[in-house]
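Before reading on, take a moment to look over the sequence and the model, and trace the chain from one end to the other. The report below then moves from one pair of side chains to the overall fold.

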Amino acid sequence: MARTWWQPWTWRQRRRLNGVRVVVYTRQDCHLCEEAGTFLQREQARLGFQQQWIDVDQNEELRALHGDWVPVVE
């Protein structure tokens, strides 16, 4: 009998995201950024993606682009 594409045990299997990079635009003393960091660390341990954190206050263009709208996760 041929294998079908449907495998019930794959419903709960999580795919590892080793090649995926998540970029987070943040700034110091941002309580929402801290909450996002806690969540992302937990999910990184589970899924295996990479994280890059960028402080928008270190770059004039990023500060103008994001303003007070942080964290931005892409």
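Is Arg46 buried, partly exposed or exposed? This is a predicted model, and in it Arg46 counts as partly exposed, because its relative accessible area is 38%.

**A pair within one helix**

The side chain of Arg46 meets that of Glu43 in a salt bridge, with a distance of 2.5 Å from N to O. Both residues belong to helix H1, where they are three residues apart, or about one turn of the helix. Glu43 is buried, since its relative accessible area is 13% and the cut-off for buried is under 20%. When neighbours within four places in sequence are left aside, Glu43 is in contact with Gly48 and Phe49.

**The chain as a whole**

With this pair in mind, one can step back to the whole chain. The chain contains two helices and three strands, which follow one another along the sequence in the pattern β-α-β-α-β. Of its 74 residues, 27% count as buried, while the accessible surface comes to about 6300 Å², of which 53% belongs to carbon and sulfur atoms. Among the contacts in the chain with a separation of 6 or more, 75% are between residues that are 24 or more positions apart.

**The sheet**

The three strands form an open sheet in the order S2-S1-S3, and their pairing is mixed. S2 and S3 stand at the edges, and because each has a single partner strand, one side of each is left without a neighbour in the sheet. S1 and S2 run parallel and are joined by six bridges, whereas S1 and S3 run antiparallel and are joined by two bridges. Tyr25 can be followed in both directions: its bridge partner in S2 is Ile54, and in S3 it stands opposite Val72. Together, S1, H1 and S2 make a right-handed β-α-β unit.

Thr26 is another residue of strand S1, and it is buried, because its relative accessible area is 11%. Apart from neighbours within four places in sequence, Thr26 is in contact with Cys33, Trp53, Ile54, Asp55, Val56 and Val70.

**The nonpolar cores**

In soluble globular proteins, nonpolar side chains tend to be buried together. In this chain the largest nonpolar core has seven residues, namely Val23, Tyr25, Cys30, Cys33, Val56, Leu62 and Val70. Another core, of five residues, lies apart from it and includes Val22, Leu40, Leu47 and Phe49. Returning to the largest core, one of its members is Val70, and, leaving aside neighbours within four places in sequence, Val70 is in contact with Tyr25, Thr26, Arg27, Cys30, Leu32, Cys33 and Val56.

**Salt bridges between loops**

Side chains of opposite charge can pair when their charged atoms come close. The count of salt bridges in the chain comes to four, and the table lists three of these, including the pair in helix H1 with which this report began.

| Salt bridge | Closest N to O distance |
|---|---|
| Arg46 and Glu43 | 2.5 Å |
| Asp57 and Arg27 | 2.9 Å |
| Arg27 and Asp68 | 3.9 Å |

What do the salt bridges of Arg27 link? In the bridge between Asp57 and Arg27, the closest N and O atoms are 2.9 Å apart. This pair links distant parts of the chain, for Asp57 lies in the loop between strand S2 (50-55) and helix H2 (60-66), and Arg27 lies in the loop between strand S1 (21-26) and helix H1 (31-47), 30 residues apart. In the bridge between Arg27 and Asp68, the closest N and O atoms are 3.9 Å apart. Arg27 is in the loop between S1 and H1 and Asp68 is in the loop between H2 and strand S3 (72-73), so this pair ties together parts that are 41 residues apart in sequence.

The three partners are covered to unlike degrees. Arg27 counts as buried because its relative accessibility is 17%, Asp57 counts as partly exposed because its relative accessibility is 29%, and Asp68 is exposed because its relative accessible area is 70%. Salt bridges that share partners join Arg27, Asp57 and Asp68 into one network.

Definitions and conventions:
Residues are numbered from 1 along each chain as its sequence is written. This is a predicted model: local features need pLDDT of at least 70, side-chain atom pairs count only at pLDDT 80 or more; totals for chains, interfaces and linings use all residues. Side-chain values use heavy atoms; hydrogens and water are left out. A nonpolar core is a set of buried Ala, Val, Leu, Ile, Met, Phe, Trp, Tyr and Cys residues joined through side-chain atoms within 4.5 Å. Buried means under 20% relative accessible area, exposed over 50%, partly exposed in between (1.4 Å probe, protein chains only). Contact means heavy atoms within 4.5 Å. Helices (H or I, at least four residues) and strands (E, at least two) are DSSP runs, numbered from the N terminus. Accessible areas come from the Shrake-Rupley method with a 1.4 Å probe; for residues, only the protein chains shown count as cover. Two strands pair if DSSP finds at least two bridges between them. A crossover is right-handed if, with the strands pointing away from the viewer, the path from the first strand over the helix to the second runs clockwise.
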